[in-house]
Amino acid sequence: MIPSGAKIVSEAESPLDAPRSPLVETVDLRKTYWVRAGYFSKRRRALNAVDGVSLSILPGETFGLVGESGCGKSTFGRLILYLEKPTSGVIRFKSKNLADLSSSELRNLRRHMQIIFQDPYSSLNPRKRAGWLIGEPLVIHNAGSRSEIAERVAELMREVGLKRDDMNRYPHQFSGGQRQRIGIARALALNPDLIVADEPVSALDVSVQAQVLQLLETLQEKYHLTYVLISHDLGVIHHLSDRIGVMYLGEIMDIAPKEMFLSAPYHPYTEALLASAPRIDPQRRHLRRAPLKGDVPSPLAPPPGCRFHTRCPYAEAVCRHEHPVLEDKGGGHYMACHFR
């Protein structure tokens with residue numbers, strides 16, 4: 001069963017509460033890269049960046065994806081936008097299998113899915129002015145005349161907290177937070193349904209992070225956006241997400257609603273992530289557990305069985321040999337663990 005946030009509707013419930021069709025759905029999604037075994041070696045080894053991910057994302061929700069660096073979060077975000085083609089598996093957007101679409105059909109569908117990149121400077125062409133950068137998607141998709149595009153660009157800049165006069169400025173003339181606002185405006189230009197936000201505030205100062213997160217939240221309410229929020233920062237994930245998925249070595253280990261994720265982190269890896277987060281309250285610092293021992297195994301040679309068993313304090317013999325499947329634990333909670 002593909003985990004989603006949909007619920008079963010009883011006869012007493014309103015038809016408005018009926019389960020919604022997923023906006024995005026992946027089935028056994030995999031992405032393998034082939035890398036050299038050594039600097040002088042011609043032999044290549046498989047690196048499974050995303051390994052068998054199946055999940056659904058509902059319209060209007062924010063699905064947070066968290067995990068350590070290198071676990072495959074960003075690769076998954078690029079796959080569902082079809083910026084990279086999967087090695088195997090299925091990606092459906094609005095019930096359409098992206099692999100079955102022609103180049104023209106895929107181009108038309110792309111206006112409904114956009115991305116906000118991590119680095120707001122490297123994602124912007126330094127030779128182009130802000131107005132051109134924001135209006136480029138409109139030009140590519142022939143979304144109006146020159147005057148209509150200019151007016152739309154001015155409207156988008158107001159939406160993200162920039163001035164109309166900023167249209168003629170270059171990226172280096174903006175602060176980091178302002179550059180990220182340009183990236184957000186560009187993502188909004190074609191009125192998308194889905195936005196993948198890949199570490200949208202990790203390159204910003206802490207004081208600016210809160211402003212950008214509040215802006216994303218406001219825009220979601222106004223335009224009924226669906227977010228896939230990718231981050232290693234649990235504070236960012238908690239602030240915006242409705243459901244949270246935990247990724248480790250290319251696999252989903254845990255999926256739960258935000259409230260359940262914080263109150264009952266059943267998977268050992270989820271417990272470890274929450275325990276490693278800084279605690280400001282001095283009365284709660286004693287609740288912090290010892291950090292995980294050992295390093296993350298190489299994705300070129302993942303361990304057999306449960307991939308987390310090399311660092312799990314609860315691991316037993318079965319964990320070293322049998323691979324756990326993502327099972328429904330009730331209440332929208334899905335987990336891959338033999339003993340939880």
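**A helix with two faces, and a buried aspartate**

Let's begin just past the end of a helix: histidine 224 follows α6, and its phi is positive, near 55 degrees. Keep in mind as you look around that this is a predicted model.

Now step back into the helix itself. α6 runs over residues 206-223, 18 residues in total. From its first C-alpha to its last it reaches 26 Å, close to the 26 Å expected at 1.5 Å a residue.

Which residues of α6 are buried? They are Val208, Gln209, Val212, Leu213, Leu215, Leu216, Leu219 and Gln220. These residues lie on the same side of α6, because they cover an arc of only 155 degrees around the axis. Turn to the face pointing away from that buried side, and you will find the exposed residues Ser207 and Glu221.

What covers the buried residues of α6? The cover includes three strands, β3 (62-66), β6 (113-116) and β8 (226-231), along with the helices α4 (146-159), α5 (176-188) and α7 (234-240).

For our last stop, find strand β2, residues 44-57, where aspartate 51 has its place. Is aspartate 51 buried or exposed? Its relative accessibility is 11%, and buried means under 20%, so aspartate 51 counts as buried. Leaving aside residues up to four places away in sequence, aspartate 51 touches Leu29, Arg30, Gly250, Glu251 and Arg307. With arginine 307 there is also a polar contact, side chain to side chain, at 2.4 Å.

Notes. Residues are numbered from 1 along each chain as its sequence is written. This is a predicted model: local features need pLDDT of at least 70, side-chain atom pairs count only at pLDDT 80 or more; totals for chains, interfaces and linings use all residues. Side-chain values use heavy atoms; hydrogens and water are left out. Helices (H or I, at least four residues) and strands (E, at least two) are DSSP runs, numbered from the N terminus. The expected span of a helix is 1.5 Å times one less than its number of residues. Buried means under 20% relative accessible area, exposed over 50%, partly exposed in between (1.4 Å probe, protein chains only). The arc is that of the directions from the helix axis to the C-beta atoms. Contact means heavy atoms within 4.5 Å. A polar contact is a pair of N or O atoms within 3.5 Å; within protein, one must be able to donate a hydrogen and the other to accept it, and residues adjacent in sequence count only if both atoms are side-chain atoms.
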